[in-house]
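Here's a quick tour of how some helices pack and what sits around the bound ligands. Have the structure open as you read.

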Amino acid sequence: MKLRGLYAITDSQLLAGKFLAYVEAALDGGVTLLQYRDKSSDEARRLREAEKLRELCSRYKTQLIINDDAELAARLGVGVHLGQTDGPLTPARALLGSKAIIGATCHSQIELAEQAAKEGASYVAFGRFFNSNTKPGAPAATLDMLAQARTRLQLPICVIGGVTLENAAPLVAHGADLLAVVHGLFGADSTQEVTRRARAFNDLLKV
Ligand SMILES: Cc1ncc(COP(=O)(O)OP(=O)(O)O)c(N)n1
Ligand SMILES: Cc1nc(C(=O)O)sc1CCOP(=O)(O)O
Ligand SMILES: [Mg+2]
């Protein structure tokens with residue numbers, strides 16, 4: 001499967017009180033990957049919420065990705081996204097199997113992406129491209145770096161960090177396959193607006 005489209009990422013604070021309604025609204029508009037990102041240490045809640053998301057994703061034929069936690073991903077039979085300090089890719093690939101989607105954070109370093117490709121990543125993620133409400137301190141990445149990465153890498157490229165409908169077009173023009181978005185998607189006043197945004201992000205990626 002070609003990984004291209006909207007990559008929706010959940011945020012427990014932003015989605016408090018409307019978690020499943022907003023996620024379903026996004027899925028309704030079209031989501032290629034949905035990442036469950038919860039930085040709390042409440043493991044029971046994480047398992048409960050991830051199970052609900054797996055059910056929703058299966059209904060909408062969307063792939064679920066768990067942030068940070070390869071064991072939870074293995075327990076649910078879904079994919080995982082690992083940052084540079086979240087554990088190595090090779091054992092995660094062995095744990096999850098050859099078909100699982102495994103993503104790797106590469107900040108703005110193409111060498112990290114080449115290494116991730118060798119270790120079995122399914123996609124590589126670069127960022128942060130713009131100011132991010134969700135992760136203001138993430139290291140910055142540039143469009144020039146993205147264009148260079150596109151010429152050097154065969155893997156799908158994901159971009160992240162402050163991505164909105166207003167600023168995403170140049171990212172696509174410079175080689176992005178997956179637009180990873182928290183606020184630019186879920187920071188909306190209604191479920192209808194979430195669905196509209198999801199459709200509009202996907203339109204930007206149609207070739
Ligand atoms: C698609 C995607 N790209 C990058 C990240 C960031 O991962 P990481 O650097 O491990 O930071 P946290 O998200 O764990 O705070 C991501 N989650 N998803
Ligand atoms: C989780 C995350 N990682 C980033 C990185 O650059 O690695 S930026 C980021 C937050 C993305 O949320 P928003 O779309 O609200 O900016
Ligand atoms: Mg992480």
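Let's start with a helix pair: α1 passes α2 in a right-handed crossing. Keep in mind that this is a predicted model. Helix α1 covers residues 19-29 and helix α2 covers residues 43-60, and their axes come within 11 Å, crossing at roughly 25°. Angles under 35 degrees count as roughly parallel, so α1 and α2 are roughly parallel to each other.

Who touches whom here? On the α1 side you'll find Phe19, Leu20, Val23, Glu24, Leu27 and Asp28, and they meet Glu49, Lys52, Leu53, Leu56, Cys57, Arg59 and Tyr60 of α2. Sorted by class, this contact has 8 nonpolar and 5 charged residues, with no polar ones.

Now for another pair, α5 and α6. Helix α5 (residues 110-118) and helix α6 (residues 143-152) have axes that come within 10 Å and cross at roughly 30°. These two are therefore roughly parallel to each other, and α5 passes α6 in a right-handed crossing. From α5, the residues in contact are Ile110, Glu111 and Glu114, which meet Met145, Gln148, Ala149 and Arg152 in α6. The class count for this contact is 3 nonpolar, 1 polar and 3 charged residues.

On to the ligands. Ligand 1 has 15 residues around it, and Arg37, Lys39, Asp86, Thr105 and Lys135 come nearest. Ligand 2 has 13 residues around it; there, Ser132, Thr134, Gly162, Val182 and His183 come nearest.

Which protein atoms pair up with ligand oxygens? Here are some of the polar contacts, with the distance for each:

| Residue | Protein atom | Partner | Distance |
|---|---|---|---|
| Asp68 | polar side-chain atom | oxygen atom of ligand 1 | 2.9 Å |
| Thr105 | polar side-chain atom | oxygen atom of ligand 1 | 2.9 Å |
| Lys135 | N or O atom in the side chain | oxygen atom of ligand 1 | 2.7 Å |
| Ser132 | polar side-chain atom | oxygen atom of ligand 2 | 2.6 Å |
| Thr134 | polar side-chain atom | oxygen atom of ligand 2 | 2.5 Å |
| His183 | polar backbone atom | oxygen atom of ligand 2 | 3.0 Å |

For ligand 2, Ser132 reaches an oxygen atom with its side chain, and Thr134 also uses a side-chain atom. His183, on the other hand, makes its listed contact through a backbone atom. Over at ligand 1, the side chain of Lys135 has an N or O atom 2.7 Å from a ligand oxygen.

Definitions and conventions. Residues are numbered from 1 along each chain as its sequence is written. Chains are lettered from A and ligands numbered from 1 in the order in which they are written. This is a predicted model: local features need pLDDT of at least 70, side-chain atom pairs count only at pLDDT 80 or more; totals for chains, interfaces and linings use all residues. Side-chain values use heavy atoms; hydrogens and water are left out. Axes are lines fitted to C-alpha atoms, for helices over the stretch in contact, and angles run from 0 to 180 degrees between N-to-C directions. Helices (H or I, at least four residues) and strands (E, at least two) are DSSP runs, numbered from the N terminus. Angles under 35 degrees count as roughly parallel, over 145 as roughly antiparallel, 65 to 115 as roughly perpendicular and the rest as oblique. A crossing is left-handed if the near helix is turned anticlockwise from the far one by less than a right angle, and right-handed if clockwise. Contact means heavy atoms within 4.5 Å. Ala, Val, Leu, Ile, Met, Phe, Trp, Tyr, Cys and Pro count as nonpolar, Asp, Glu, Lys and Arg as charged, and the others, Gly among them, as polar. A residue is near a molecule or strand if one of its heavy atoms lies within 4 Å of it. A polar contact is a pair of N or O atoms within 3.5 Å; within protein, one must be able to donate a hydrogen and the other to accept it, and residues adjacent in sequence count only if both atoms are side-chain atoms.
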